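Please look through the sequence and the model below before reading on. The paragraphs that follow begin with one pair of residues and widen from there.

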Amino acid sequence: MPRRQYVADLQQAQSDLLPAGIHDLQTGEDDGQFEFLFSNGDPSSAIKVTALIPELSDYPKSHEYMIFSGEDAPPHIAKALQNVRRTNGKTVFELLDIVSVTLEKLSADPDGDTEMPESQLDYEDQSEEENDFDDDDIYDSDHEAFQNGTTETMSGAKSSSGASMKPADRAFRARLRSDLRLAKEAGFKVGILGHALDGFNAFVTLSIRISKLGISEEAMEAWQVTASDYLILILQFPNGYKTNEELQGFDSIRLQSNIGIRVCAGKSYKPTLQEAIKAFTIIKKNARDSLFTSDLPKPEEEVAESSIKETFISKPLNGLLQERLATLLRFRSAGMSWSGAEEHYSNVSSTGSNVEQAVPDRCFEPDPVNPALPQIMHADHLADRGRTTFSFPLLAMQFLLRHFVRCTEFCLVCHKKMNTELEAIKPYVCESELCLYQYMTLGFGPSIEHEILAQPYVVDLLISFCYKSAVACKLKEYPDGLSLAVPPSDPACAVLEPYHGRYMYGTQPQTVASVTSPVAGFHVGFDRDRLELIFHNKPERCPVKRGDWIVLKMSNQVSLQEAELHCRVDETSFFPTITISKPVVLNLGGNNISASPHASTNGVSDQTTKKPASPAATSKWEEASFTVYDQDFKSMTVSDKSSAICRLLDTLPDVKTIQEYLTKNQPADLKNWVERISPAALSLLRWVIASNRACIIQVDGDNDASSALKKEERLSGMANHMQFRFAMGAPDKEQRFLNEARKTTNRLNLAVPTIFAWHGSPLHNWHMIIREGLHFKNTDHGRAYGHGVYHALDATTSSGYASMGGMGIGVNGDVPKGTWGSSVLRISSALALNEIVNAPAEFVSSKPYYVVAQLDWIQTRYLFVSCKPAQDTVQIGNDTPPQNALTQDASRIPTGTSGSVVIPAAAIKTHRMIRNERRPPSPHNPSPLKKLKALGGYRDQPIPIDDDDDTDSIMTTASDTGALFGEDPLPPTEPSPPPTPAKLLGPPTDYIPGQLDFSTLPLMPLPTYATSHTTKRLMKELQSCARVQDATPLADLGWSIDVAKIENAYQWIVELHSFHTFEIKGKKLPLAVDMAKQGVKSVVMEVRFNKDFPFSPPYVRVITPRFLGFNQGGGGHIVLGGAMCMELLTNTGWSSVSSMESVLMQIRLAIASEPFARLDVHAGRGSYGTGEAADGYVRACQTHGWKVPEGFREMAYGVPEGGGGRL
């Protein structure tokens, strides 16, 4: 078994993408040996490396590797390979990656002509123990030494820095482990791939079961995930792990080279290293032009149990996280909520980053809590009290959950919150035309090819609904953002009578108010046999090009089917003769017109009909004219838009023909069927499918295995109706409905928690219903019994409403007018069966109709369509009652067209879930079978999977557990002295806190510009400083704030002290000497904040004592007047992520730096005035070219901007 596993891993590594620089992986001469070549871009300098597993029987858990290079390898390469560590128990691929990282560090400089000197490699060869002893290498997350240098990422990209990467020390590993433990404690599974603990390129993964996110089963099905899947966030750190604070400080260029983010789903809690690399491997996709994506399987593709795949919204989420997360976290650090940070980001993006603007107070208001979602969805790591550092992986995962679970609330392109109260189960885009265009062209929408292959009758249903709505001019939204070029409007050929649904050809309008002028076309001769057109009056240049679509009209129309012939231009090289593809004949008004000898309705091109040209051939030219698809759809009138939609849909083949084409042609992409489907019709088809925001699953259909499984959910009582499972509303709508049913059941002590009733609506309304959900904002049939959603227990009653707006019967006597001509189903009406909370007495009305105003009391379950299928392959199931029927309220059982409705229990979970919750606990330990039933583990309902249950959850690997909870060995130290109170530790100091008399200080009143969000942020900063102050010895800290006496958050009084702890070349700091001579214990400073903090810096000045100016031999960044002259405290050098703790530390260090600050011994203990300090600050900024913060006058002088005078 170990050898078999080794061979399988070696073969897998040979077939997959290898780490950077590794190639030509081969099996070695001995068992357990393999060889490969390493080169850094130059194949001629390839180095042969051999790896050997001495005890193959230990593979893959406790084996060891021996690694050595060839005789011709440079000495430093051989030495580095001998010192490779942490290889025990690694797979073949992981070993290759370790070698790749090690040798990449030894590669040539970016210019490629000099090797790294041996002196630069000394630290690389140090052991972990030596690193741990080196105090100089220990740094925190905010230190500049934490920046890592050049290494090649696993996808082959190099960082912009040319410095070598410094090995990780104990402080680095402790921070990494702390960040990952926080994520683990928050409820997520954590994995590590690569060399994170060594500070090299690595992947960190966080994941959670889909079942834990509060998503309904209908939403899971619509999103193509299962309850047992893991939602996985993969974080790539090409240059070593970076903390939250570091990433927030990076600009966009450095950020791209230091963090990569991908979202996927999988059966295991983390991918393999090969799969993680694939997630970041960029390939070009054939299905869309200029679209690049990862090398992962798509959501609809079947993958192995151990594989990962993209989620249905991985592309937009990857872009959102990669481009915006760091900036949003920077805003959140200023006190904003997630919603506020996203709103502020949008505002800044729309106005430009250089435009200063005030942040609205609402951006600092907390996000509302949705009680229908689980607690993990409400958790906010940034709200944890007492923390000064935060885990970036945890923050990233919490932000991902916000946009994954609540994806229907945000636009998939601009990611703004949707400005609508309507709920949907599938995400979409906002009203912006640009967003719609990008959504379609960038491939963010669903794969229509997959939809047609998997559920052709659902696609037929969607097209039919859209067609009906367009015929009746009932569309509320049009695809204006798709830049459609459609056939010009021609009233002489097509007439649309608004609200009467008569889409007719060859008839002049009778009641249309505005008539479009006739379209001037090109007069040509048409040779049916050769499929050629010839211009009688040759234009100066050919008016069409290859690939254009035209509408051909015969001058002597012999049949209705020749009213319009749509075809593609195939060749224009022999202009004035052009060649066209086989014309597409329209199916009109529900009449399936048979094809003529010269045209086909099935769309399958038959090239054999073209006869080769010969000198003896005599062309027979028929008089015709054509117009080009060049009408801008957006500029058309509403009536013409509706007509254009119908015309384009009429050019489409039926769904079974499209399915057949996709099955026979690979890759399955309709964009390749250029001779049959025009680009405009294809874009419209994508819009019809992608804009559907409901979950519709066909129960009836083809007689195959997948359909047989769905028939277990088929109810009885609706003979001759095609059934679909139907769900609408937000992903948490099911949970909200369940909560309402549970509360009502407990309150009224109901035996049956819900009832079922019918809702009918005309076909032209269903296109918008499946996009907006059920509501009662519009009044179509009156509201005699009050406002609400109307239901009936009898299907015939609702059918009466569903048949309103009918248009009569077509020519063939069985299909209504206005029906999509290529429809296979040929539907005539549609009804929804809804589940409703069983409290009719609390409805707006219960007789003769149920009128329900509480939308959370309604959940759609089934959709029924009355149809007359055009093909024998459509199988409508038998009207046989299900074996395991759902228990219904006997007094309120709905009636169908063929008797009482009997619903299978497998299709409805509400009753069983509420019944199980109300079951009293047994005093005895139940048997395993009873436990199974108590959890709802029946045959048709799987047991919810809990990550904490080892029997169901994927176990965390030993390597991940060790990385999370392992500890580095501590260096040997002297025995620790007995514990001493923190305040007594550190060097002695003569400073005693709490002695400052605030009554002698120039205290400012609460400013008029104070805002709630700035006040909250300042209080947070003050509390943070207080915590640091309580936990740090006085002399080590060097500053003090009497928090109890701070009454105005916009003005802090800070004392800087203990300057005697500084030594310069073995001598005391001159300032410390002066303070000792003058008996001064501290430097009293005033810190003022304006309304834009933390986006603008504070103003800091010395109150007392007075210092010498620069021209008098002073320094310490204190200008004449007492203000601090530091770039950090100007708009030029300020960063909004700076904490006041770090600012105070830097100010103290600046005062102690050269040129040294000196006290003015002649001024004694005099104080600076407010005005002279502000004047000195402005002069210093002007001298250095620094920008004075906005609102400085009001903050420093205490007068409004533009006001006169000063203090």
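In this predicted model, tryptophan 1039 stands opposite leucine 1056, a residue of strand E33. That strand, residues 1051–1057, pairs with E32 in the antiparallel sense over 3 bridges. Both strands belong to an open sheet of 4 strands, arranged in the order E32-E33-E36-E37 with antiparallel pairing. Strand E32 (1039–1041) and strand E37 (1099–1104) have a single partner strand each and stand at the edges, so one side of each is left without a neighbour in the sheet. On average, and with direction ignored, neighbouring strands of this sheet are turned by 30° against each other. Across strand E36 (1082–1088) and E37 lies helix H30, residues 1170–1184, which runs at about 135° to E37.

Following the chain on from E37 leads to a cis peptide bond, from threonine 1104 to proline 1105, with omega near 0°; this proline is found in the loop between E37 and helix H29 (1140–1151). Another cis peptide bond joins phenylalanine 575 to proline 576, with omega near 20°, and proline 576 has its place in the loop between strand E18 (565–571) and strand E19 (577–580).

Turning to the interior, the largest nonpolar core holds 163 residues, of which Phe404, Leu670 and Phe724 touch the most other members. Helix H15 (residues 456–471) supplies the largest share of this core, with 11 residues. When neighbours within four places in sequence are left aside, leucine 670 has among its contacts Ile448, Ile452, Ile658, Leu662, Ile677 and Leu685, and also Glu449. Apart from this core lies another, of 66 residues, which includes Phe998, Tyr1009, Met1075 and Met1126.

Helix H3 (residues 92–105) offers a check on geometry: at 1.5 Å a residue its 14 residues should span 20 Å, and because its end C-alpha atoms are 21 Å apart, the two values agree. Of those 14 residues of H3, 13 are buried, and the helix is therefore largely enclosed by the rest of the structure.

Two residues deserve a look for their backbone angles. Histidine 415, although not a glycine, has a positive phi of about 65°; this histidine is found in the loop between helix H12 (392–405) and helix H13 (433–441), and with a relative accessibility of 10% histidine 415 counts as buried. Asparagine 749 likewise has a positive phi, near 55°, and is found in the loop between helix H20 (733–748) and strand E25 (754–760). At 58% relative accessibility, however, asparagine 749 counts as exposed.

Note on methods
Residues are numbered from 1 along each chain as its sequence is written. This is a predicted model: local features need pLDDT of at least 70, side-chain atom pairs count only at pLDDT 80 or more; totals for chains, interfaces and linings use all residues. Side-chain values use heavy atoms; hydrogens and water are left out. A nonpolar core is a set of buried Ala, Val, Leu, Ile, Met, Phe, Trp, Tyr and Cys residues joined through side-chain atoms within 4.5 Å. Buried means under 20% relative accessible area, exposed over 50%, partly exposed in between (1.4 Å probe, protein chains only). Helices (H or I, at least four residues) and strands (E, at least two) are DSSP runs, numbered from the N terminus. Contact means heavy atoms within 4.5 Å. Two strands pair if DSSP finds at least two bridges between them. Axes are lines fitted to C-alpha atoms, for helices over the stretch in contact, and angles run from 0 to 180 degrees between N-to-C directions. The expected span of a helix is 1.5 Å times one less than its number of residues.
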